[in-house]
Amino acid sequence: MSLKKVSIFAFSNYIALFSALLQGLLTAKLLSTADMGSFSQIRILVSYLLLINPGVINGLVYLIPLSKEDEGRKYGSSSFVFALILFSVVFAFLTAIFLKTRDIQLLFIGSILVFTSLKEVLSFTLRGFQKFNRVSVLNMASSVLQAFLVIVFSYYWRLAGALWALLISSAVSLAIGLILSKGYLSLSFSFEKIRQLFSRGWMIYLNGVYAMILSNFERLSLSFATEKSIFAVYSVGMFFISIFDMLSSSIAQFITPMMINDEKTYTEDVLRK
């Protein structure tokens, strides 16, 4: 394991975390407490709706390290097309609800969801190929861009500006991800590849869902059960807790593809020595 590479990757995750922290603190001052609560609610809804993808992207981290490069590209491309179709359907569903309710926030949620889900596929694909320098660039560029746009747009246009900033930053982050993933995707789609990704990734997916629900479900509940002003204060405070588990999480994400690719080096007996 390269200490330099894992340090850069962990550093990029901390940059993302502190960008989010800065964004949260300044946005809380720029928006009213009610608007800040609405903004936080939309972000957490997007994070939960991303779980609609049933373990396919999780399989990328397992199958790409075990595959030849051409085969790995096919896995990444199939997952990308699958996510595009899946979340386009979700976007169409939210659009149908919008036509009845005229709640414009539904369109923002749907659009952000599509862009973010595709960027996540690219991130997992690069992780599968162990291109963590590129993942680090994507993490830092996405987080810094989002924080900058949200703060600036919130200053001028309040909640509407913050939502437009999320939309624009997610679209630009996807574009950056496509550039960084050049050479690691191919124009192909295979239902068999999706089946294989699901069969390998569904247990990882369920563990991730369980961990997310265990750690964040109270945020989703409070976003609907309490006043927006109370939830806004709570959301800002939650940023500080994430600082302590970021290092271990970064190391785990970094070494997982390496352990899969070279499983003989990381057997239980060897690790005990």
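## Glu69 and its salt-bridge partners

Glu69 comes out as partly exposed in this predicted model, because its relative accessibility is 45%. Its side chain meets that of Arg73 in a salt bridge, with N to O at 2.9 Å. Both residues belong to helix H4, which covers residues 69-101, and they sit 4 residues apart, or about one turn of the helix. Arg73 has a relative accessibility of 18%, so it counts as buried; the cut-off for that label is under 20%.

Arg73 has another partner in Asp70, and here the N to O distance is 2.0 Å. Asp70 and Arg73 are also both in H4, 3 residues apart, again about one turn of the helix. With a relative accessibility of 48%, Asp70 counts as partly exposed.

## The other salt bridges

The whole structure holds 5 salt bridges. One of them links Lys119 and Glu120, whose closest N and O atoms are 4.0 Å apart. Lys119 is at 16% relative accessibility and therefore counts as buried, while Glu120, at 26%, counts as partly exposed. Back in H4, shared partners tie the salt bridges of Glu69, Asp70 and Arg73 into one network. As a general point, side chains of opposite charge can pair when their charged atoms come close.

## Helix H3, tucked inside

How many of the residues of helix H3 are buried? The count is 9 of 11 for this helix (residues 56-66), so H3 is largely enclosed by the rest of the structure. The buried set starts with Val56, Ile57, Asn58, Gly59, Leu60 and Val61, and carries on with Leu63, Ile64 and Pro65.

## The nonpolar core

Leu60 turns up again in the largest nonpolar core, a group of 48 residues: together with Phe39 and Leu197, Leu60 touches the most other members. Several helices chip in, with at least two residues each from H2 (33-49), H3, H4, H5 (105-128), H6 (132-180) and H7 (191-225). H6 gives the largest share, 14 residues. In soluble globular proteins, nonpolar side chains tend to be buried together.

What does Phe39 contact once its neighbours within four places in sequence are set aside? The list has Gln23, Thr27 and Leu31, then Val150, Leu159, Ala162, Leu163 and Leu166.

## H4 against H5

H4, home of the Glu69, Asp70 and Arg73 network, also packs against H5. Two packed helices are described by the angle between their axes and the distance between the axes. For H4 and H5, the angle is about 170 degrees and the axes lie 8 Å apart. The two helices are therefore roughly antiparallel to each other, since the cut-off for that label is over 145 degrees. Their contact is made up of 17 nonpolar and 9 polar residues, with no charged ones.

## The chain as a whole

Zooming out, the chain has 10 helices and 0 strands. Along the sequence the pattern reads α-α-α-α-α-α-α-α-α-α. Of its 273 residues, 43% count as buried.

Taking contacts between residues at least 6 apart in sequence, 81% join residues at least 24 apart.

Conventions: Residues are numbered from 1 along each chain as its sequence is written. This is a predicted model: local features need pLDDT of at least 70, side-chain atom pairs count only at pLDDT 80 or more; totals for chains, interfaces and linings use all residues. Side-chain values use heavy atoms; hydrogens and water are left out. Buried means under 20% relative accessible area, exposed over 50%, partly exposed in between (1.4 Å probe, protein chains only). A nonpolar core is a set of buried Ala, Val, Leu, Ile, Met, Phe, Trp, Tyr and Cys residues joined through side-chain atoms within 4.5 Å. Contact means heavy atoms within 4.5 Å. Axes are lines fitted to C-alpha atoms, for helices over the stretch in contact, and angles run from 0 to 180 degrees between N-to-C directions. Angles under 35 degrees count as roughly parallel, over 145 as roughly antiparallel, 65 to 115 as roughly perpendicular and the rest as oblique. Ala, Val, Leu, Ile, Met, Phe, Trp, Tyr, Cys and Pro count as nonpolar, Asp, Glu, Lys and Arg as charged, and the others, Gly among them, as polar.
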